[in-house]
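Got your viewer open? Let's take a short walk through the inside of this one, picking a few things to select along the way.

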Amino acid sequence: MLKKGLALLLAVIMVFSLSGCSDILGGAFFLYLIATGDDSADKDEVFAFVCEHEEKLLEAIENGDFSAYENKGFIKKINADETVVDFSCGGAGIGPNTSYVGFYYTPDNDMTAVWCAPLSASGLIPSGNGFEWQEANGDNRYYTEHICGNFYYYAASF
């Protein structure tokens, strides 16, 4: 029992040291994630935020300046290219039990433009108020739902 506890403690220390969390806040956040395992935003919170800030978000997309949003509130990271702007809003789990949530903007209303979507929309089936894809021989899952304009919510699990 003592050996298992010591091995777990050493593994946590090693992951912490390799994660680049050298500042106190980064380290505290890392320890929070280990303790809770979940920093994902609530779906209703994402919908409310996007609907309330749609004009400002569109301005940021047009200007390519996301400094007002990245790492603020529940938005953890923003990735943009010519086909999609992905606003990552956290996740949960570790290893094969991982999930992510966020929202994305796609000028073409392409529900497969975001990184976690299937390659083709033909695999999406209606589910609730949105569309879902489930891996045929596995546990990978993607759900997307229209929020407003060209903004969509996503939830993915692996």
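Is phenylalanine 49 buried or exposed? Select phenylalanine 49 and have a look: with a relative accessible area of 16%, this residue counts as buried, because the cut-off for that is under 20%. Keep in mind that you're looking at a predicted model.

Next, add tyrosine 69 to your selection. Tyrosine 69 is buried too, at a relative accessible area of 11%. The rings of phenylalanine 49 and tyrosine 69 make an edge-to-face aromatic pair, with 6.1 Å from centre to centre and 85° between the planes. Now colour by position along the chain: phenylalanine 49 sits in helix 3, while tyrosine 69 belongs to the loop between helix 3 and strand 1 (77-80), so the pair links distant parts of the chain, 20 residues apart.

Time to widen the view. Show Phe66, Phe74, Phe87, Phe103, Tyr105 and Phe151 as well; ring pairs link them with Phe49 and Tyr69 into a cluster. Across the structure there are 14 aromatic pairs.

Now for the nonpolar cores. The largest has 25 residues, and Val46, Val50, Ile75, Phe87, Phe103, Ile147 and Phe151 have the most contacts inside it. To see where this core comes from, select helix 3 (43-63), strand 2 (85-94), strand 3 (97-105), strand 6 (141-148) and strand 7 (151-157), each of which supplies at least two residues. Helix 3 gives the largest share, seven residues.

Last stop: select Val84, Tyr152, Tyr154 and Ala156. They are among the 12 residues of another core, which lies apart from the largest one.

Terms used: Residues are numbered from 1 along each chain as its sequence is written. This is a predicted model: local features need pLDDT of at least 70, side-chain atom pairs count only at pLDDT 80 or more; totals for chains, interfaces and linings use all residues. Side-chain values use heavy atoms; hydrogens and water are left out. A nonpolar core is a set of buried Ala, Val, Leu, Ile, Met, Phe, Trp, Tyr and Cys residues joined through side-chain atoms within 4.5 Å. Buried means under 20% relative accessible area, exposed over 50%, partly exposed in between (1.4 Å probe, protein chains only). Helices (H or I, at least four residues) and strands (E, at least two) are DSSP runs, numbered from the N terminus. Rings of Phe, Tyr and Trp (its six-membered ring) pair if their centres lie within 6.5 Å; planes under 30 degrees apart count as stacked, over 60 as edge-to-face and the rest as tilted.
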